[in-house]
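Here is a short set of exercises to work through with the model open beside you. Each task comes with a worked solution, so feel free to try it before reading on.

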Amino acid sequence: MKVLVAVKRVVDYNVKVRVKADGTGVETANVKMSMNPFDEIGVEEAVRLKEAGKATEVIAVSLGPTQCQETIRTALAMGADRGIHVQTDVELQPLAVAKLLKAVVDKEQPQICILGKQAIDDDANQTGQMLAALAGWPQATFASKLVINDDGSANVTREVDGGLETVTVKMPFVLTTDLRLNEPRYASLPNIMKAKKKPIDTLTPEQLGVDAAPRLKTLKVAEPAKRQAGIKVKSVAELVDKLRNEAKVI
Amino acid sequence: MPAYEAPLRDIRFVLNEVLRIDTFSNLPGFADATPDVVDAILEEAAKFCSGELQPLNQSGDEEGCHFDDGKVTTPKGFKEAYAKFAEAGWIGLPCDPAYGGQGLPKVINFAVEEMVCSANLSFGMYPGLSNGAYNALHLHGTEEQKKLYLPKLVSGQWSGTMCLTEPQCGTDLGLIKTRAEPQADGSYRITGTKIFISAGEHDLTENIVHLVLARLPDAPAGIRGISLFVCPKFLPDAAGKVGERNKLACGAIEKKMGIKASATCVMNFDGAQAWLVGQKHKGMSAMFTMMNFARLAVGIQGLGVAEAAYQGAVTYAKERLQMRSLGGVKAPDKPADPIIVHPDVRRMLLTQRSITEACRALAYWAGMELDIAAHHPEAERRQAADDLVALLTPIVKAYLTDHGSLAANLGVQVFGGHGFIRDWGMEQLIRDARITQIYEGTNGIQALDLVGRKLSVGTGRLLRRFFHPVTAYLETAAAKPALAEFALPTIKAMAKLQQATAWLAQAGLKDPEEAGAAAHDYLRLFALVALGYMWCRMAEVALSKQESEERAFYQAKLAGARFFMAKVIPETNLLFTTMTSGKNAMMAVPDDYF
């Protein structure tokens with residue numbers, strides 16, 4: 001059984017994101033980039049499936065500029081077997097990513113495609129769902145537990161607003177990861193060294209027959225408004241009054 | 001505890017841009033160390049240090065190690081962190097692939113060690129000692145010994161120690177009393193007491209490999225009668241499976257000022273079975289080959305603490321609001337300005353940082369020369385590198401650890417009262433750093449090593465390995481207008497160093513006490529010249545990249561170089577004056593004065 005994991009290169013979660021002066025996006029020049037944390041969880045889950053003898057091969061896919069290969073190498077160092085890099089410098093939006101992944105899925109025929117539930121840069125939370133729809137596959141999103149059954153299905157526990165929901169999905173399916181699915185490992189030094197020798201295939205959207213052009217136009221990106229200083233109230237009555245009449249929350 | 005973020009950009013700057021490790025890709029191990037792989041290694045090491053080791057630093061200090069009836073338990077979390085560290089293969093980074101290591105350059109290992117030491121100095125002791133034992137066995141062990149012990153030390157399944165010190169001898173190992181009795185089967189029985197044995201006993205590994213200095217029955221007196229033995233806690237069979245407990249035990253652990261999570265043990269050997277490593281009576285020279293590595297590694301510890309102290313201090317200085325700037329209000333919307341506006345706070349921060357950055361470059365340079373000494377195809381180049389490392393080792397050990405203590409002290413000073421209380425973790429850095437100036441040969445001994453041993457080798461051959469290329473570099477640099485700003489003060493300091501060396505050669509030859517009295521000042525003078533040289537090289541790179549996207553980064557390098565040239569390197573004048581004032585201020589004082 002092949003497992004395909006999508007990994008996105010994003011601004012590192014430790015970096016304080018700044019908006020570009022011209023308001024066209026966030027500053028990414030000379031900013032530390034790393035793998036989307038939800039995708040790290042995806043790689044970890046795939047590698048665990050392989051270690052448990054459930055998966056035979058783990059393929060890491062990343063889409064975007066040349067530097068995405070570094071992100072693929074990170075996945076390879078964690079234990080993925082090979083990588084696929086779909087190279088493009090155009091801005092990729094969820095629909096284009098889903099279409100490109102669909103083309104890779106058609107080519108590779110994995111039984112499970114794992115994605116992070118969202119990327120920490122755009123927080124779109126759309127790609128996995130779109131991919132499932134395009135592929136006509138079942139989807140199990142926000143997974144906090146995955147159990148592969150012997151009959152070619154899987155039980156997935158999902159984190160939903162009301163608590164935990166367990167669904168059964170038939171392979172092939174799309175899984176999107178939530179934070180509690182696992183704790184990603186540190187890549188070991190021998191695996192970092194081995195990762196260099198693992199193959200990464202490079203493709204282009206044209207080769208996959210996909211038009212990756214953006215459908216949405218970004219009008220403006222702005223920093224959140226600065227928080228105003230608070231005030232001290234003299235009494236509970238004044239507080240209630242302000243909450244009711246100024247903040248209008250009660 | 002101050003948060004630690006590995007200075008990866010600074011580390012890469014030294015490795016890739018200043019030392020250009022990529023130009024050594026013809027050496028074994030370097031071919032794999034392409035910049036992208038080095039990046040991946042450093043990033044993962046950084047993640048491990050910040051994520052696993054640093055969170056245990058303060059708790060490990062508060063809790064310390066526990067001793068109960070011969071058993072030592074490390075603080076909460078250490079066992080798990082060690083298991084992960086070993087599992088991830090970090091211990092084997094520089095080790096021989098024949099024994100499961102990665103065979104990567106030592107200079108890369110220096111960078112990883114720096115991060116470990118910044119994050120958790122106590123933790124670093126355990127793998128550090130294993131590395132020492134590995135080096136001694138790798139260089140001097142028999143094939144059988146190597147096959148048995150090295151794979152386990154490399155994987156971290158077993159750990160190592162260096163058992164040198166005894167109650168009556170620390171610096172003067174000629175006084176060692178521990179005995180080794182030959183047995184019919186070719187092994188030996190060791191009896192004696194060793195003290196201050198780091199990682200002598202603990203709960204991290206299934207076995208502990210002690211390297212012990214002891215005296216054979218027919219040994220000549222003094223330093224030439226010491227032999228080196230390997231003495232495992234549990235006796236392994238030929239396949240490396242641990243068996244019977246050897247006759248040795250931990251008698252106590254020390255209560256210490258710092259590195260409290262590192263177990264410092266009294267080790268009692270009571271007829272423990274051991275095997276000779278290397279030749280009879282040649283134990284000191286065998287030990288010294290590993291001690292030279294260890295001394296550089298201790299220098300790296302000083303560097304690691306200095307970096308951690310700077311990071312803590314600079315974060316606080318940007319946040320702490322006190323008083324207004326002397327040059328006019330800087331933060332009108334706040335009740336006071338952040339203390340980083342004050343000249344004295346900047347003096348402290350820049351003293352920490354400008355020296356730390358140059359120390360990093362110096363230590364990594366020594367690390368790279370170690371690799372060249374071990375692997376370069378040309379014998380002449382190997383010898384030159386070996387000479388340079390021999391010369392630089394006492395300087396790196398002593399100066400970097402002195403700087404670690406200084407930087408930790410400045411860190412507390414920047415914090416004011418909050419540095420003195422324990423919550424912020426700044427005072428721990430002072431306590432942890434303090435030992436680095438003492439062990440592996442006190443810094444006084446390092447200075448004597450430099451003036452007594454290193455200067456006299458081959459009538460100044462080691463010195464020429466530094467003086468000739470550095471002088472040539474500085475002369476060329478001084479001719480470049482933009483670089484002259486940094487090269488000229490360094491040339492002045494270099495002139496002082498050469499004068500000092502001539503003075504020392506003359507005065508020291510006549511009277512060894514003069515050399516001893518001058519040693520401390522001379523080592524510091526030498527170190528400052530070496531750091532000035534490193535700053536020139538860093539500035540040269542920074543000047544060539546002023547048009548780059550990372551202009552701010554390179555500008556910062558020039559700022560560091562300027563501070564160093566203006567405020568640090570002039571100390572060479574003072575050192576020259578005090579040094580050449582001679583021994584009398586100390587030695588003419590009658591004994592009953594004290």
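**Exercise 1. Find which residues of E3(B) point one way and which the other, and decide whether they are buried or exposed.**

Step 1: Trp158(B), Gly160(B) and Met162(B) point one way from E3(B), and Ser159(B), Thr161(B) and Cys163(B) point the other way. Step 2: all of these residues are buried, where buried means under 20% relative accessible area, exposed means over 50%, and partly exposed is in between (1.4 Å probe, protein chains only). Step 3: the count for the strand, residues 158-163 of chain B, agrees, with 6 of its 6 residues buried. Strands (E, at least two residues) and helices (H or I, at least four) are DSSP runs, numbered from the N terminus.

A word on conventions: this is a predicted model, in which local features need pLDDT of at least 70 and side-chain atom pairs count only at pLDDT 80 or more, while totals for chains, interfaces and linings use all residues. Residues are numbered from 1 along each chain as its sequence is written, chains are lettered from A and ligands numbered from 1 in the order in which they are written, and side-chain values use heavy atoms, leaving out hydrogens and water.

**Exercise 2. In which sense do E3(B) and strand E6 of chain B pair, and over how many bridges?**

Step 1: strands of a sheet pair through backbone hydrogen bonds, either parallel or antiparallel. Step 2: here E3(B) runs parallel to E6(B), residues 207-214, with 6 bridges; two strands pair if DSSP finds at least two bridges between them. Step 3: to place the register, look at Ser159(B), which has Ile208(B) of E6(B) opposite.

**Exercise 3. Compare the expected span of helix H6 of chain B with the distance between its end C-alpha atoms.**

Step 1: the expected span is 1.5 Å times one less than the number of residues. Step 2: for the 20 residues of H6(B), 121-140, this gives 28 Å. Step 3: the end C-alpha atoms are 28 Å apart, so the two values agree. Step 4: the helix nevertheless bends by about 25° at Pro127(B), the bend being the angle between axes fitted to the seven residues ending there and the seven starting there. Step 5: as for cover, 16 of the 20 residues of H6(B) are buried.

**Exercise 4. What is the strand order of the open sheet in chain A, and which strands are at its edges?**

Step 1: the 9 strands follow the order E9-E8-E7-E10-E6-E1-E4-E5-E11, with mixed pairing. Step 2: E9 (163-170) and E11 (200-203) of chain A are the edge strands, each pairing on one side only. Step 3: within the sheet, E6 (112-116) and E10 (173-177) of chain A are parallel over 5 bridges, and Ile114(A) has Leu175(A) as its bridge partner in E10(A).

**Exercise 5. Where are the cis peptide bond and the positive phi values?**

Step 1: most residues other than glycine have a negative phi, and most peptide bonds are trans. Step 2: the bond between Met171(A) and Pro172(A) is cis, with omega about -5°, and Pro172(A) sits in the loop between E9 and E10 of chain A. Step 3: Lys248(A) has a positive phi of about 55° and lies after helix H6 (236-246) of chain A; Lys248(A) is exposed, at 64% relative accessible area. Step 4: Asp69(B) has phi near 50° and is exposed, at 72%.
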